[in-house]
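Biologist: I should be grateful for a close look at a single part of this structure, followed outward into its surroundings. Please keep the account connected, so that each step leads to the next.

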Amino acid sequence: MQSRQTVHAVLLPLLSVLLLGVILAITELGEYTLTRPVAIAEHGAAIRGWEYVDGFPEKIAVFQTVFWEPRDTNSLRELIETTDLVHGKIVLEIGTGSGLVSLCCLRHGARRVVATDVNPNAVENARYNANMLDVASRLDVRLVSTNTPSAFEVLDPDEKFDVIVSNPPWENAQPRTIAEYALYDRDFELLRSILSGARSRLNPGGRLLLAYGCRDAIETLERLATVYELRVERHDRRSLHDLPEVFIPGMLLEIVPQVGRF
Ligand SMILES: C[S@@+](CC[C@H](N)C(=O)[O-])C[C@H]1O[C@@H](n2cnc3c(N)ncnc32)[C@H](O)[C@@H]1O
């Protein structure tokens, strides 16, 4: 009798706790509930998932409707991580999504980053990840209106940068949902606005780097660049002609003036 009471009073609660521990350890639930903040952001957008990326100390959050394909920017992030490209610099990222590239800049010495996006969830997502990685004080994320979506719309008139980076939407089509703004740039309007404004938005010696994995977009970029007396340097060993129309990882492309430097 005595021993049965002992089992009920001591062993059963102990076993329950152990069982719960095992369940939490072998399911993602444990990660979400024990080590992560509440999975609902302030504005109500649910976090879609947690993703691990090389070079980051912990998984980063990806909100619903926000773009996620880190291979697009493998070579851009490698350049940021292995050179002094952004060290001590003021950076603009156009179309930040989860904030991945901006966070990479901040973790590799950028003094300050301004990041933009048309997707309100992306704006919250980038801020959320910046808070989690403790770099939020150097990141300024701004929402671009889909009514006035050109590249530099949300900047102050005299705001300039040392480095501008972007993994813009790659394909020429009309986005129908906010999520599709990550994929489609109708008539390459965003790209045109990046090229037309780059000179006035870069400090002397500034750099403009884009990640693209679409042949049409890269050929359009190379054609349009000449209109603005710019040219494109491909930082990639692959030949465009050997690649499918849309490919991953994306190509790292640097836009430079035809003559001299920015
Ligand atoms: C291909 S995704 C890249 C996201 C992120 N930089 C990354 O590499 O994971 C393109 C992003 O640009 C945003 N975007 C589309 N049009 C935009 C515009 N006119 N201004 C700012 N952001 C825009 C999309 O919402 C999307 O987040």
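Modeller: In this predicted model, L243 is in contact with R215 and R238, once its neighbours within four places in sequence are left aside. L243 belongs to the loop between β8 and β9. It is partly exposed because 16 other C-beta atoms lie within 10 Å, whereas a buried residue would need 20 or more. A further reference point is C214, which lies 29 residues away from L243 along the chain; the C-alpha atoms of these two residues are separated by 8.9 Å.

The two strands that flank this loop lead into the sheet. Strand β8 and strand β9 (residues 246-257) run antiparallel and are joined by 6 bridges. Within this pairing, V232 of β8 has I255 of β9 opposite it. Strands of a sheet pair through backbone hydrogen bonds, in either a parallel or an antiparallel sense. Here the pairing is mixed: the sheet is open, has 7 strands and follows the order β5-β4-β3-β6-β7-β9-β8. Its edge strands are β8 (230-235) and β5, each of which pairs on one side only. From one strand to the next, the twist averages 20°. Helix α4 packs on this sheet, where it touches β3, β4, β5 and β6 (161-166), and its direction makes about 180° with that of β4.

Beginning from the β5 edge, one finds 5 bridges between β5 (residues 139-143) and β4, two strands that run parallel. D140 in β5 is the residue opposite V114. The connection from β4 to β5 passes through helix α5 (residues 120-132), and this β-α-β crossover is right-handed. Helix α5 lies across both of these strands, running at about 170° to β5.

On its other pairing, β4 meets strand β3 (residues 90-94), again in the parallel sense and over 5 bridges. V113 in β4 is the bridge partner of V91. Helix α4 (residues 100-107) carries the chain from β3 to β4 in another β-α-β crossover, which is right-handed. Strand β4 (residues 112-117) is itself mostly covered, with 5 of its 6 residues buried.

Helix α4 deserves attention in its own right. It is mostly covered, with 7 of its 8 residues buried; these are L100, V101, S102, L103, C104, C105 and L106. An α-helix has 3.6 residues a turn, so residues three or four places apart point the same way. Just after α4, G109 adopts a positive phi of about 95°.

The same helix and strand also bear on the ligand. Of the 23 residues around the ligand, those that come nearest are G95, G97, P149, N167 and A182. The elements giving two or more residues to this shell are α4 and β4. By character, the shell comprises 13 nonpolar, 8 polar and 2 charged residues.

These parts belong to a protein chain with 7 helices and 9 strands. Buried residues account for 35% of its 262 residues. Of the contacts between residues at least 6 apart in sequence, 65% join residues at least 24 apart.

Definitions and conventions:
Residues are numbered from 1 along each chain as its sequence is written. This is a predicted model: local features need pLDDT of at least 70, side-chain atom pairs count only at pLDDT 80 or more; totals for chains, interfaces and linings use all residues. Helices (H or I, at least four residues) and strands (E, at least two) are DSSP runs, numbered from the N terminus. A residue is buried if 20 or more other C-beta atoms lie within 10 Å of its own, exposed if 12 or fewer, and partly exposed in between; C-beta atoms are placed from the backbone. Two residues are in contact if their C-beta atoms, placed from the backbone, lie within 7 Å. Two strands pair if DSSP finds at least two bridges between them. A crossover is right-handed if, with the strands pointing away from the viewer, the path from the first strand over the helix to the second runs clockwise. Axes are lines fitted to C-alpha atoms, for helices over the stretch in contact, and angles run from 0 to 180 degrees between N-to-C directions. A residue is near a molecule or strand if its C-beta atom, placed from the backbone, lies within 6 Å of it. Ala, Val, Leu, Ile, Met, Phe, Trp, Tyr, Cys and Pro count as nonpolar, Asp, Glu, Lys and Arg as charged, and the others, Gly among them, as polar.
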